[in-house]
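Please open the structure in your viewer and keep the sequence at hand. This tour goes from one selection to the next.

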Amino acid sequence: MYRQGTTRGVSSAVHFYQARQLEAYASKPATRLTLRQLVFFGKYMNEERLIKSANYVRTELPIRIAHRLRDMQALPYVVVTQEWVAKVYELYWSAFDKFRRYPEITTVEENDAFCVFVRELLDDHKSVIPNLSLGLSLSSPYLLPDRLDTFMRRMLVSRISRRVLAEHHIALTKFVKSQDRSLQAHEDVGIISTELSVQDSIDRCVRYLRRRPRDVEEDALTGPLSDADWSEVIVDGHKDTRFAYIREHLEYIIFELLKNSFRATRLQHPTSNTLPPIRVTVVASDNDVYLRISDQGGGLVSGEIKSPSDLFSFSHVRNATRLAAARLGALRTVSSSEHGMRATVSEQVGRWEPDPESGADVPADGVNPHPRIGIGLPMSNIYATYFGGSLDLVSLDGYGTDVYVRLPKLGKNLEGIEL
């Protein structure tokens with residue numbers, strides 16, 4: 001039996017007794033890849049390699065989904081049957097069942113149909129992040145903090161891994177089908193930019209964020225704020241740094257961290273005519289690329305947050321804001337929206353239009369960030385650590401915050417999937 005208001009069919013959604021096929025897949029290890037492997041395989045793509053890529057995605061994704069279904073089945077019954085968690089379970093079970101039944105791909109035409117199938121599933125899963133966050137926030141009283149955070153991390157890392165494989169294959173397919181096959185040495189290989197400019201990514205994120213209305217951070221709690229322009233962003237260090245990375249991941253990290261710095265600086269200086277600048281330092285070593293983002297936004301520790309790392313937590317014990325009424329309401333809004341949430345910059349800035357003066361991409365309608373649902377910083381941390389990097393917060397309480405991001409430069413680290 002299930003309570004009124006829970007997902008229809010939740011009693012059958014928890015497929016504890018239909019586990020034979022699931023066990024067969026969950027017992028297999030995931031075949032983890034490095035960024036370098038993704039680049040090397042995709043750099044000189046042809047139809048034969050494309051079909052091989054399709055069948056790898058077809059057979060790998062149900063294994064990764066099966067591991068996460070097993071994780072959900074191991075949750076307390078009161079959690080897995082919670083309305084929002086049950087919705088995610090149902091989506092995952094449906095995707096698993098469809099993938100395991102999908103026939104082998106042998107032709108380019110069959111691959112085209114497979115790409116449509118994969119894209120539809122990606123679209124179906126746009127509600128997973130807000131549903132998981134809402135469901136686990138409401139279930140927080142039933143789970144110890146370490147268990148809750150470990151579960152959420154495994155779910156979100158695995159979700160990123162599946163989207164990387166799926167979207168990379170779709171991008172490779174588009175390349176093979178393109179008319180101009182002379183671009184074999186193009187700097188983009190699938191979704192990976194082999195010569196990604198850190199400076200360009202910073203500039204793009206700053207340009208997007210500075211187009212926001214100045215009063216975007218005002219609410220009933222903050223009251224009126226300064227109408228000064230947004231803080232200037234000063235970039236120094238190794239500004240010509242380029243490396244191979246997934247642009248969408250790098251720019252999400254930069255965008256979210258700068259968005260937090262812009263907000264904190266304005267809140268800390270509500271009457272200033274000129275807001276203090278934000279400084280971004282870029283350093284490239286032999287093995288890693290480092291970013292340090294420094295602001296004068298007052299720091300991170302508050303009555304609700306005892307340690308900066310608690311901001312990564314989904315447990316109300318470590319981060320009391322997880323059960324705040326405003327945040328739960330915002331999560332419900334995003335969860336029920338047809339747009340869902342993919343954790344990208346593009347969904348926040350809307351469609352692009354070329355800037356007639358600079359030729360650069362700018363948002364046509366300004367920036368439309370998600371409601372403050374507490375996802376940006378945890379997702380930035382997961383993106384940073386996905387290929388073996390790190391994200392560390394240092395709070396200078398009463399003054400500001402330094403955020404240190406380290407991203408591997410050589411692409412040799414395996415995906416950070418926890419089996």
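The stops below cover a loop residue, a strand residue and a surface patch in this predicted model.

**Stop one: Q82**

Select Q82, which sits in the loop between α5 (77–80) and α6 (83–101). Is Q82 buried or exposed? Its relative accessibility is 11%, so Q82 counts as buried, because the limit for buried is under 20%. Now show W84 as well. The side chain of Q82 reaches the backbone nitrogen of W84, at a distance of 2.8 Å.

**Stop two: T281**

Go next to strand β5, residues 278–284, where T281 is found. T281 has a relative accessible area of 13% and is therefore buried. Which side chain does the side chain of T281 meet in a polar contact? Select D236: the two side chains are 2.7 Å apart in that contact. To see what else surrounds T281, add Y290, L291 and R292 to the selection. Together with D236, these are the residues in contact with T281 once neighbours within four places in sequence are left aside.

**Stop three: the patch with V394**

Move on to strand β9, which spans residues 390–396 and includes V394. With 35% relative accessibility, V394 counts as partly exposed, because that class lies between the 20% limit for buried and the 50% limit for exposed. Keep V394 selected and add L396, Y399 and Y404. What do these four residues form? They make up a nonpolar patch on the surface, and their accessible area together is about 340 Å². A surface view shows where this patch lies.

Terms used. Residues numbered from 1 in each chain as written. Predicted model: local features only at pLDDT ≥ 70, side-chain atom pairs only at ≥ 80, totals over all residues. Heavy atoms only, no water. Patch = residues over 30% accessible without salt bridge, like charges linked within 9 Å, V, L, I, M, F, W, Y side chains within 5 Å. Areas by Shrake-Rupley, 256 points an atom, 1.4 Å probe, with all protein chains shown as cover. Salt bridge = Lys/Arg side-chain N within 4 Å of Asp/Glu carboxyl O. Helix = DSSP H or I, 4+ residues; strand = E, 2+ residues; numbered from the N terminus. Buried < 20%, exposed > 50% of the residue type's maximum accessible area, 1.4 Å probe, protein only. Polar contact = N/O pair within 3.5 Å; in protein donor to acceptor, adjacent residues only side chain to side chain. Contact = heavy atoms within 4.5 Å.
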